[in-house]
Amino acid sequence: MGAIMQTKPLHVNPLKLSQPMGATLAFLGVDGCMPLMHGAQGCASFTKVFFTRHFQDPIAIQTTAVTDITAVLDGGAKGIAEAVENITKKVNPALIGLFTTGLTETKGDDIKGAASGLSLPVVYVNTPDYEGALESGWALSVSAMITQLTTPTAQIQKGKVALLPHVGMSALELERLKECIASFGLSVVALPDISLSLDGHLGEKQTALSSGGTTVEEIKELGTCEAVITVGASMEGCAKALRAKNPAITPLHVSHLGGLVATDSFIAMLMSLSGNAPTPTLKRWRARLQDALLDTHEMVGGKNVALIGEPDEIVGYGALLQEAGAKLACVIGATSSTNLESLGGVVGDFEDLEHRMEGIDVVIGNFHAKAIAKRFGVPLVVRGFPSWGTVGGALNHSVLYEGGAQSLFRVANVCEKDH
C-alpha cells in the first residue's frame, strides 16, 4: 500500500470512532452474545448511549468498570472474573466477547490469561483505542472469533459460502447481499450478521443479550465453507484466518459493492462459483440502475462531492457517484486503507472537511457533518455512524443494483432541492 497523507498528528474535530466500538458492533452480530468491555465504566457508557441513539434500540454491553484503584493494583483477571459472575447471575449468554480499551492496554492486562480461566465460551481480542478505528476494531473481532471458535477441518460443504462484511454495511444491505448470494443456489453464513440483530425489528420481548445474528455453532462450522467472500479491504485478514482453519476454502474478495461495474463483477463471481445464472429480479434491478444513471445524470453529473467516513464504506459511494458523472472533490477517511488510497483521499477529521468546503456541492457523511454543511449552505446526505438526525438508518441501502439506484435518487433529490 502506498503512503496516504495524514493531515496532522492529532484530531481537532474528530471523525474517527474507536476500535472498542467496532468490537462492540461485531459481537452484537452474534446471537445471544454479551459484549464485555474491559475498561473504565465511562467508555462502555459512551458506547452504549452512542449506539442506542444510532439504532434507536436497546444495546447490550457490560464493562469490567476499571477504577483509579484497580487500574494501578489489579492485573485485570479479578475484575474480568467478577464482571462475568455478575453477568451470569442475570442472563445466560451463548458467548462473551471480551475486548480491551486504551486504559487496560496501557496497563498491559493479560486478557488471554483471564479468559482461559473462565468456564463460559469467551472470545478475547485486543482493541486499544489509540490505534486503528471502528473498521479495524470490527475486523480484529471477526478474526478473533474465527481463530478462537472455528474448528479446523479438511472437509468442504459444496455450495456453502462464508460472508465477511465490513463494518459500514447497514442491516438491510447485509440482508440484501445474503439474498443475492442465496439467489444463485448457495447457502450463506454471514459473520457478524447484524441484519438479524440490529435491523430495528420488534421482538417478542426485550432481552439483555444480542437478539439474533450468527450462532456460535455456525461460527464453529465455518471451516466447512466452499468459499469465503470478503467485502472491504479491512476484512482480507479475516479471510486468511478462516483459510488457516481449512486451506481448501476458496477466497473471493471485493473492495466494495457500489455502482454498476463493481456489482457486475460480483455477480460474475457468483455465476462462476455456482454455475447458475442471475434471477429475473436481479436482471430487472440492473436495468433500473442503468436507467437511474441516465435519470440522475443531469442533477448529479459534474457536482463536486465531499465524502467523509470509514474507507470501506465511502469507496462504494464514491464509485457509484463517479459512474453518474460526479467529481470526488474531497475525500476524507477515518483511518488508512487501500480503499482510501484508491480514491486519492486523506486520513483526517471534520476540521479538514471544513477547510476543503470551497466549491463543494453536496456532502456525504455522518450526522456530525451536519453543522459544517449547514454553515456552508450545502446539502448533506447522512450516511455512516452516527445517523442521529434521521430515522431508520439501519435500513439505508446503497449496495448492489437496487441500493445503487436508491442512493442515486437520494443524492439527486437533495441536489435538485438545493437548486
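This report covers three helix contacts, one pocket and some backbone features of a predicted model.

## Helix α1 against α2

Two packed helices are described by the angle between their axes and the distance between the axes. Helix α1 spans residues 19-28, and helix α2 spans residues 41-55. Their axes come within 11 Å. The crossing angle is roughly 55 degrees. Angles of 65 to 115 degrees would count as roughly perpendicular, and those under 35 degrees as roughly parallel. α1 and α2 are therefore oblique to each other. The crossing is right-handed.

From α1, the contact uses Met21, Thr24 and Leu25. From α2 come Phe46, Thr47, Phe50, Phe51 and Phe55. By class, this contact holds 6 nonpolar and 2 polar residues. No charged residue takes part in the contact of α1 with α2.

## Helix α1 against α7

Helix α1 also meets helix α7, residues 134-149. Here the axes come within 6 Å and cross at roughly 50 degrees. That angle makes α1 oblique to α7. Again the crossing is right-handed.

On the α1 side, the contact residues are Gln19, Met21, Gly22, Ala23, Leu25, Ala26 and Phe27. On the α7 side, they are Leu134, Ser136, Gly137, Trp138, Leu140, Ser141, Val142 and Met145. The contact of α1 with α7 counts 10 nonpolar and 5 polar residues, with no charged ones. Met21 and Leu25 of α1 appear in the contact with α2 and also in the contact with α7.

## Helix α8 against α11

Further along the chain, helix α8 (residues 171-182) packs with helix α11 (residues 260-274). The two axes come within 10 Å. They cross at roughly 40 degrees. α8 is therefore oblique to α11.

Leu177, Cys180 and Ile181 form the α8 side of the contact. Phe266, Ile267 and Leu270 form the α11 side. This contact has 6 nonpolar residues, no polar residues and no charged residues.

## The second largest pocket

Rolling a probe the size of a water molecule over the atoms shows where empty space is left. The second largest pocket holds about 370 Å³ of space. Its lining has 21 residues. Thr63, Thr64, Gly79, Ala83 and Asn86 lie nearest the centre of the pocket.

Three elements each supply at least two lining residues: β1 (33-38), β2 (62-63) and α4 (77-90). α4 gives the most, with 7 residues. The lining is mixed in class, with 7 nonpolar, 9 polar and 5 charged residues.

## Cis prolines

The peptide bond from leucine 191 to proline 192 is cis. Omega there is near -15 degrees. Proline 192 sits in the loop between β6 (187-190) and α9 (216-220).

A cis bond also joins phenylalanine 385 and proline 386. Its omega is about -5 degrees. Proline 386 belongs to the loop between β13 (380-382) and α17 (400-418).

## A positive phi at glutamine 56

Glutamine 56 is not a glycine, yet its phi is positive, at about 55 degrees. Glutamine 56 is placed in the loop between α2 and β2. Both neighbouring elements have already come up. α2 packs with α1, while β2 supplies at least two residues of the lining of the second largest pocket.

Conventions
Residues are numbered from 1 along each chain as its sequence is written. This is a predicted model: local features need pLDDT of at least 70, side-chain atom pairs count only at pLDDT 80 or more; totals for chains, interfaces and linings use all residues. Side-chain values use heavy atoms; hydrogens and water are left out. On a 1 Å grid over the protein atoms alone, a cavity is a set of points where a 1.4 Å probe fits but cannot get out, and a pocket is an open set with protein on both sides within 12 Å along at least five of seven lines; lining residues have an atom within 4 Å of a point. Grid points are joined across faces, edges and corners, and a volume is the space filled by probe spheres set on the points. Helices (H or I, at least four residues) and strands (E, at least two) are DSSP runs, numbered from the N terminus. Ala, Val, Leu, Ile, Met, Phe, Trp, Tyr, Cys and Pro count as nonpolar, Asp, Glu, Lys and Arg as charged, and the others, Gly among them, as polar. Axes are lines fitted to C-alpha atoms, for helices over the stretch in contact, and angles run from 0 to 180 degrees between N-to-C directions. Angles under 35 degrees count as roughly parallel, over 145 as roughly antiparallel, 65 to 115 as roughly perpendicular and the rest as oblique. A crossing is left-handed if the near helix is turned anticlockwise from the far one by less than a right angle, and right-handed if clockwise. Contact means heavy atoms within 4.5 Å.
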